[in-house]
Amino acid sequence: MNKNRIDAVVNNMKEAGLDYLLISEPSSIDYLIDYVNNPGERMYVLMLAANGAHKLFFNKLFFVENDLGIEIVWHSDTDDATKTIADYVENSGTIGVDKHWSANFLLSLMEKLPDVKFVNGSFCVDFVRMVKDENEQVLMIEASRINDQAIHEVIHQVSLGLSELEVAGKLSGIYSKFGGDGNSFDAIIAYGANGANPHHENDDSHLKPGDSIIIDMGCKYNGYCSDMTRTVFYQEVSEEAKEVYGLVRLANETAEAMIKPGVRLCDIDKAARDIITDAGYGKEFNHRLGHFIGKDVHEFGDVSVNFDLEVKEGMIFSIEPGIYLPGKFGVRIEDLVMVTKDGCKVLNSYPKDLFVI
């Protein structure tokens, strides 16, 4: 159990007037008690209490080898799982529930506790997870270092004439070679016009001269994620593609240069977006500038107009502007950045020069 992290979440609970917080997201539970579990459809809940009577509600199917430092309340497949929670919280006033808990369980608990107020309490955990401690920073720096090594080999594999699917299929082995623990998400390898779809699903496409090649990939290292994107070109590059690439790189580097504690996330997004919009490609930049990352590749927090939150030292998020021209090509450049006391550290060192393979 990580007492410092739990205490920080409980402080947020108290400020919000919550008696209890029910946490179901496995990565958040792992973050708080250092235990990894994938419960599938079974109920798995960490209950934090304002009075300190924390409990883990756990199915007997699962095995716990070590003392987790927290009381476990067991149930079986034949038990009414939510009743085990109701028995402990029936006299409470307000219960926070994280945004991930299945309605199947939440509605059952609400029926058992009609006089209790239920609210979304995710922020109590989310705002703690947004700021990485020193150990997390070390792990994420290493995960990005591995990603930098791996993308060099991925680009080599692309140059051999493999299909998108064939290149993506080699990634897990490449990560293992450099010390990673596999993919942090399904990589995107997008050739030519496929790159105009920001979330293209890899297919058996092969390269043609002049194609852009978007490579969006990330690995895990000791439970923490990396994520980066580079765009290269095959054999030749058009003048239009050169212009678009230069704009995306300028947007990426301009945003990174302004990051420091106190700067708002929405202003970082605006700085990059204005460069692309002023050049006439505003509609073709059709996603947020970035997302937070840690144990999960996408964590709470956006670098977008929706977040006027000021960045803090220790936050880690992506900066990934892109321009996507349907039927032609796409360009995206993505780094992870870590906010420092007076600026930011870009965690990816792989070059951003325009590169033709």
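The following exchange considers a sheet, two pockets and two domains in a predicted model.

Local features of this predicted model need pLDDT of at least 70, side-chain atom pairs count only at pLDDT 80 or more, and totals for chains, interfaces and linings use all residues. Residues are numbered from 1 along each chain as its sequence is written, and side-chain values use heavy atoms, with hydrogens and water left out.

Visitor: Which strands stand at the edges of the open sheet?

Guide: Strands here are DSSP runs of E with at least two residues, and helices are runs of H or I with at least four, numbered from the N terminus. Two strands pair if DSSP finds at least two bridges between them. The open sheet has 3 strands in the order β7-β8-β11, with antiparallel pairing. Each edge strand has a single partner, so one side of each is left without a neighbour in the sheet; these strands are β7 (188-191) and β11 (228-233).

Visitor: Which residue of β11 stands opposite I214?

Guide: Strand β8 covers residues 212-217 and is joined to the antiparallel β11 by 6 bridges. Opposite I214, in β11, stands T231.

Visitor: At about what angle to β8 does helix α6 run?

Guide: Axes are lines fitted to C-alpha atoms, for helices over the stretch in contact (heavy atoms within 4.5 Å). Angles run from 0 to 180 degrees between N-to-C directions. Helix α6 (residues 134-159) lies across β7, β8 and β11, and its angle to β8 is about 145°.

Visitor: How many charged residues are in the lining of the largest pocket?

Guide: On a 1 Å grid over the protein atoms alone, a pocket is an open set of points where a 1.4 Å probe fits, with protein on both sides within 12 Å along at least five of seven lines; lining residues have an atom within 4 Å of a point. The largest pocket is lined by 16 residues, with I188, H199, D216, H298 and E320 nearest its centre. Asp, Glu, Lys and Arg count as charged. By class, the lining has 5 nonpolar residues, 5 polar and, as charged residues, 6.

Visitor: Which helix gives the largest share of the lining of the second largest pocket?

Guide: Among the residues lining the second largest pocket are P26, S27 and D30. The largest share of this lining is 3 residues, and they come from helix α2 (residues 26-33).

Visitor: From which domains does the second largest pocket draw at least three residues each?

Guide: Domain bounds come from an automatic or database domain assignment. Contact links 8 residues of domain 1 with 7 residues of domain 2. The lining of the second largest pocket draws at least three residues from each of domain 1 (3-129) and domain 2 (134-356).
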